[in-house]
Amino acid sequence: MDKQVQVNLRQQGSLPILEFVGEMTTIAEDSIQAAYRQINLGGYNQIALDFAKCGYINSAGIATLIGMVTQARRAGHQLFAYGLTPHHQKIFRMVGLADYMLICDSEADVLARLKP
Amino acid sequence: MPHRMTRETELAIPSELGYEQVVMASAAAVARRMGFAPDRIDDLKTAVAEACLNAIEHGNQSDVNRTVNVVLSEQADRLVVNVADQGIGRMPSRAPAPGQGSRHRGWGLFLIQNLMDEVEIVPASLSGNRIRMVMRRSR
């Protein structure tokens with residue numbers, strides 16, 4: 001019954017965007033790590049995480065995100081997140097994820113904040 | 001003084017990941033009937049999900065033949081949720097520091113304790129682990 005999250009990698013200008021679709025749970029780890037590796041190889045400095053189509057995030061999904069965020073910090077990537085519900089924003093702040101990514105209102109908000 | 005009856009809803013789910021969402025939906029429906037605000041209902045859903053996931057993965061070791069039993073008790077001033085497994089694996093009585101040891105377990109209990117008004121964890125005895133969570137009407 002546990003459905004695997006789909007991680008789509010797309011580009012908006014020079015900004016890579018990881019779009020999470022579905023449920024972020026235990027099963028998500030491999031998909032997320034694979035997508036992040038692809039970005040890492042591209043030499044990008046800024047990465048956006050799109051949660052607009054991700055309706056369910058449990059503690060296993062949070063642990064996976066923390067792992068990815070830790071790698072991103074070590075690599076010097078700046079992270080942006082958008083599409084989070086108010087509840088998920090609260091959870092992200094509670095577990096400290098918001099300390100390592102800028103939570104934005106929308107994709108347009110992210111693009112407006114990008115460094116030239 | 002009018003007699004206030006406690007209403008109870010009982011659920012038994014198989015120990016398979018994903019079934020915690022059945023309990024989430026039921027808990028949300030009960031909380032809506034009680035008039036809780038949407039943000040508190042979201043808190044409840046997350047806490048209940050994490051309690052069930054702990055029971056499924058750790059208490060019942062993901063054995064689909066074992067059940068997780070949930071009781072939602074509507075009381076005058078609170079909603080009480082008890083989540084019990086059949087106690088093959090032992091649950092810690094308090095949340096470890098998140099990220100230490102089993103990272104999944106740490107975050108789940110951390111969220112439960114930070115989202116609910118009262119949390120009691122009773123580790124495995126002969127009848128299994130149990131988590132009791134309380135959400136009060138006025139916070």
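What share of the 116 residues in chain A is buried? Select chain A and colour by accessibility: buried residues make up 50% of the chain. Keep in mind throughout that this is a predicted model.

**Chain A as a whole**

Stay on chain A and switch to a cartoon. Four helices and five strands are there, and in sequence order they run β-β-α-β-α-β-α-β-α. Show the C-alpha trace next; along its principal axes this trace of chain A spans about 45 × 30 × 25 Å. The radius of gyration of chain A is 13 Å, which agrees with the value near 13 Å that a compact globule of 116 residues would have. Now display the contacts within chain A. Of those with a separation of 6 or more, 67% join residues 24 or more positions apart.

**A stop at A:T85**

Select A:T85. This residue sits in the loop of chain A that lies between β4 (78–82) and α3 (86–95). Is A:T85 buried or partly exposed? A:T85 counts as partly exposed because its relative accessibility is 36%, and the partly exposed class runs from 20% to 50%. Add A:R10 to the selection and draw a distance between the two C-alpha atoms: A:T85 and A:R10 are 75 residues apart along the chain, and their C-alpha atoms are separated by 22 Å.

**Across to chain B**

Bring chain B into view and select the contact residues on both sides. There are 23 in chain B and 17 in chain A. The size of an interface is often given as the accessible area lost when the parts come together. Between chain B and chain A the buried area is about 1700 Å², and carbon and sulfur atoms give 60% of that area.

Next, select A:K90 and B:D43 and show their side chains. The two side chains meet in a salt bridge, with an N to O distance of 2.6 Å. The count of salt bridges between chain B and chain A is one. For polar contacts between the two chains, the count is seven residue pairs, with both residues at pLDDT 80 or more.

**The side of chain B that touches chain A**

Which helices of chain B each supply at least two residues to this side? Select α1 (20–34), α2 (38–59) and α3 (103–115) of chain B to see them. Then keep α3(B) alone: eight residues come from this helix, the largest share of the side that touches chain A. Finally, colour the touching residues of chain B by type. They divide into ten nonpolar, six polar and seven charged.

How values were computed
Residues numbered from 1 in each chain as written. Chains lettered and ligands numbered in written order. Predicted model: local features only at pLDDT ≥ 70, side-chain atom pairs only at ≥ 80, totals over all residues. Heavy atoms only, no water. Contact = heavy atoms within 4.5 Å. Buried area = accessible area lost by both parts, 1.4 Å probe. Salt bridge = Lys/Arg side-chain N within 4 Å of Asp/Glu carboxyl O. Polar contact = N/O pair within 3.5 Å; in protein donor to acceptor, adjacent residues only side chain to side chain. Nonpolar A, V, L, I, M, F, W, Y, C, P; charged D, E, K, R; others polar. Rg over C-alpha atoms; globule rule 2.2 N^0.38 Å. Buried < 20%, exposed > 50% of the residue type's maximum accessible area, 1.4 Å probe, protein only.
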